[in-house]
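Hi everyone, thanks for coming. Let me bring the sequence and the structure up on the screen, and then we can walk through it together.

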Number of protein chains: 2
Amino acid sequence: MYAAQCPCRDVLDLLANKWAALAIGALESGPLRFGELQRRLEGISPKVLTQTLRRLEDAGFLHREIFPAVPLHVEYSLTDLGHSVSVPLASLRTWVESHLHEIT
Amino acid sequence: MYAAQCPCRDVLDLLANKWAALAIGALESGPLRFGELQRRLEGISPKVLTQTLRRLEDAGFLHREIFPAVPLHVEYSLTDLGHSVSVPLASLRTWVESHLHEIT
DNA sequence: CTGTATCCGGATGGATACTG
DNA sequence: CAGTATCCATCCGGATACAG
C-alpha cells in the first residue's frame with residue numbers, strides 16, 4: 001500500500017481541503033480574477049481564498065499573473081499540471097453529483 | 001458553480017481527509033480486519049483509524065461486520081457505494097503517482 | 001481591486017494508556 | 001483483537017477590519 005513517507009499523501013492532503021478542488025474546478029474554463037473567484041466560491045473569505053490559492057500556486061497547479069494597473073488586476077489560471085489534475089478531480093465531482101441521493 | 005449549500009462539498013470533505021481515501025483504497029481488493037487495516041495505513045493510531053472508519057461507515061461507504069468469537073473478529077468491507085467511489089479515487093491516486101515528479 | 005492583519009473557534013490528527 | 005479514554009497540538013476555516 002502507501003507507506004507513511006509516500007509523497008502522494010501530501011498531494012492528497014493538498015487537494016483534499018474544503019476549497020482546493022472547487023477552486024481548480026472554477027478555473028477549468030479559463031482564468032479568473034481574485035474577486036470573481038471569491039464570488040464563484042460562494043462563502044469563502046478573502047483570507048482563506050488567498051491561502052488556498054497560494055498553496056495551489058506553490059504546488060504548481062496554478063499561475064498568478066499581476067497586471068500593474070490602477071485598479072490592480074490579478075489573474076489566476078491553471079498551469080498544464082493544473083489542467084491535468086482537473087480531469088480526475090472532475091470525475092470525482094461528477095461521481096458525487098450522480099450519487100448524492102445515495103449518500104446519507 | 002457550486003453553491004455554498006451544495007451537499008457535494010460535504011462529500012468532498014469526507015473523502016478529503018488524511019486517511020479516508022487511503023482506507024478506501026486499502027479495502028478495494030477485499031475485506032480487512034481492524035489490525036490489518038492499521039498495518040496497511042502505516043502510522044495511523046487506533047483512535048484515528050476508528051474515527052475514519054466510522055465516518056465512512058456512517059456515509060455508507062463501508063460495512064462493518066462483527067464475528068462474535070474469541071478473540072473478537074471484526075471485518076470491514078466496501079459497500080457497493082464504496083466500490084463505486086473507489087473508481088474516481090483510484091484515478092486520482094493514479095494521477096498523483098504518475099505526476100509526482102512534476103510536483104514541487 | 002487585491003489582498004494582509006488579527007483574533008478566534010472547532011475539527012482533525014496524534015501519543016499513550018487502558019478496557020471488554 | 002478491537003477498540004475507547006484522555007489530553008494535547010496544530011491546522012483549517014471564518015469574521016472583520018484595514019492596507020497597498
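Let me start with a question: which oxygen of DNA strand C has a polar side-chain atom of Arg64(A) beside it, and at what distance? It is a phosphate oxygen, and the distance is 2.3 Å. Do keep in mind that this is a predicted model.

Let's stay with DNA strand C for a moment. Gly35(A) also reaches a phosphate oxygen of this strand, but with a polar backbone atom, at 3.0 Å. Over on chain B, Lys47(B) does something else: a polar atom of its side chain sits 2.3 Å from a base oxygen of DNA strand C. If you look at the strand atoms within 4 Å of the protein, 65% are sugar or phosphate atoms, and the rest are base atoms.

Who else is there? The strand has 18 residues around it, and those that come nearest are Thr50(A), Arg64(A), Tyr76(A), Lys18(B) and Lys47(B). By class, this surface has eight nonpolar residues, seven charged and three polar. Four elements each supply at least two of its residues: helix H3, helix H4 and strand E3 of chain A, plus helix H4 of chain B. H4(A) gives the most, with four residues.

Now for the two protein chains. A turn of 180° with a shift of 0.0 Å along the axis lays chain A on chain B, with an RMSD of 0.1 Å. The two copies are therefore related as by a two-fold rotation axis. If you want to find that axis on the screen, go to Ala16(A), whose C-alpha is the nearest to the axis in chain A, at 2.0 Å. As for the interface, 98% of the interface residues of chain A are interface residues in chain B too, so the copies meet through the same surface.

Last stop, the aromatic rings. How many aromatic pairs does the structure hold over all chains? There are two. One is Phe61(A) with Trp95(B), a tilted pair with 6.0 Å from centre to centre and 40° between the planes. This pair crosses between chains, from the loop between H4 and strand E2 of chain A to helix H5 of chain B. Phe61(A) counts as buried because its relative accessibility is 0%, and Trp95(B), at 6%, counts as buried too.

Trp95(A) and Phe61(B) also pair, with ring centres 6.0 Å apart and planes at 40°, so this pair is tilted. Here the crossing runs from helix H5 of chain A to the loop between H4 and strand E2 of chain B. Both Trp95(A) and Phe61(B) are buried.

Key
Residues are numbered from 1 along each chain as its sequence is written. Chains are lettered from A and ligands numbered from 1 in the order in which they are written. This is a predicted model: local features need pLDDT of at least 70, side-chain atom pairs count only at pLDDT 80 or more; totals for chains, interfaces and linings use all residues. Side-chain values use heavy atoms; hydrogens and water are left out. A residue is near a molecule or strand if one of its heavy atoms lies within 4 Å of it. A polar contact is a pair of N or O atoms within 3.5 Å; within protein, one must be able to donate a hydrogen and the other to accept it, and residues adjacent in sequence count only if both atoms are side-chain atoms. Ala, Val, Leu, Ile, Met, Phe, Trp, Tyr, Cys and Pro count as nonpolar, Asp, Glu, Lys and Arg as charged, and the others, Gly among them, as polar. Copies are superposed by least squares on the C-alpha atoms of residues with pLDDT of at least 70 in both. Contact means heavy atoms within 4.5 Å. Rings of Phe, Tyr and Trp (its six-membered ring) pair if their centres lie within 6.5 Å; planes under 30 degrees apart count as stacked, over 60 as edge-to-face and the rest as tilted. Buried means under 20% relative accessible area, exposed over 50%, partly exposed in between (1.4 Å probe, protein chains only).
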